[in-house]
Amino acid sequence: MLNRDDDREFEVDVSRIVGDEERLLETIPRASQDAVVSCLSLHWVNDLPGALIQIREVLKPDGVFVGAMFGGDTLFELRTSLQLAEVEREGGISPRVSPMTNTSDISNLMGRAGFSLLTVDTDEVKIAYPSMWELMEDLRDMGESNAVVGRRPFIHRDTLLAASSIYKELHGNEDGTIPATFQIVYMIGWRPSPNQPKPLERGSAKTSLKDVL
């Protein structure tokens, strides 16, 4: 993937670096980047607050971070179906879907990391699959299988069969397919700079919102 596209396809000089989001400062100097873009990879980070702080550190003043990551409602149908099946068949549950960050926490994490002028938005993409089995195969092929260290090393086949039935019963579509929800959280934050716009002081407005509406 790193060398998939030829350098000649870009209008700027390209440097290809193999790095780790959690050790970003080991490969990218502080205050060296005008922009940082992250697309659907931050949900794999163990220390998300630390990664966001390092992203801010590599940005120049007034540099922008644009990111997209999977949110907490991603694959909630699969998660609940597996949990109910495990409780029924095995008397307990083990995490079967990697944990995701709740949408409501993203703004707080961005603020704590030192970003300003925050924008956070969400979108939901629903994909129909013939059954739970095709969904799980697709996730495996995408490299999005469960990577939680404390999970049980295996899951019984009868538990999977029960989960498949529960999935169709609770979430199935009328045409016999099952939906899989992917919640995507979009975020924009800027590294603070003295020349950035500042909010006015409370009570300094000269126009009443009531008059506008």
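**Surroundings of helix H4 and the nonpolar cores**

In helix H4, Arg-140 and Asp-141 are exposed (over 50% relative accessible area, 1.4 Å probe, protein chains only) on the side other than that of the buried residues. The model is predicted, so that local features need pLDDT of at least 70 and side-chain atom pairs count only at pLDDT 80 or more, while totals for chains, interfaces and linings use all residues. Residues are numbered from 1 along each chain as its sequence is written, and side-chain values use heavy atoms, with hydrogens and water left out.

Within H4, which spans residues 132-141, Met-132, Leu-135 and Leu-139 are buried (under 20%, with partly exposed in between). Seen down the axis of H4, these buried residues fall within an arc of 60° (taken from the directions from the axis to the C-beta atoms), so they line one face of the helix. They pack (heavy atoms within 4.5 Å) against helices H2 (76-90) and H5 (157-171) and strands E3 (116-129) and E4 (178-190), where helices (H or I, at least four residues) and strands (E, at least two) are DSSP runs numbered from the N terminus.

Leu-135 is also among the residues with the most contacts inside the largest nonpolar core, which has 21 residues; such a core is a set of buried Ala, Val, Leu, Ile, Met, Phe, Trp, Tyr and Cys residues joined through side-chain atoms within 4.5 Å. Strand E2 (59-70), H2, H4, H5 and E4 each give two or more residues to this core, and H5 gives the most, with 5 residues. A second, separate core of 20 residues includes Ala-51, Leu-59, Met-69 and Leu-109.
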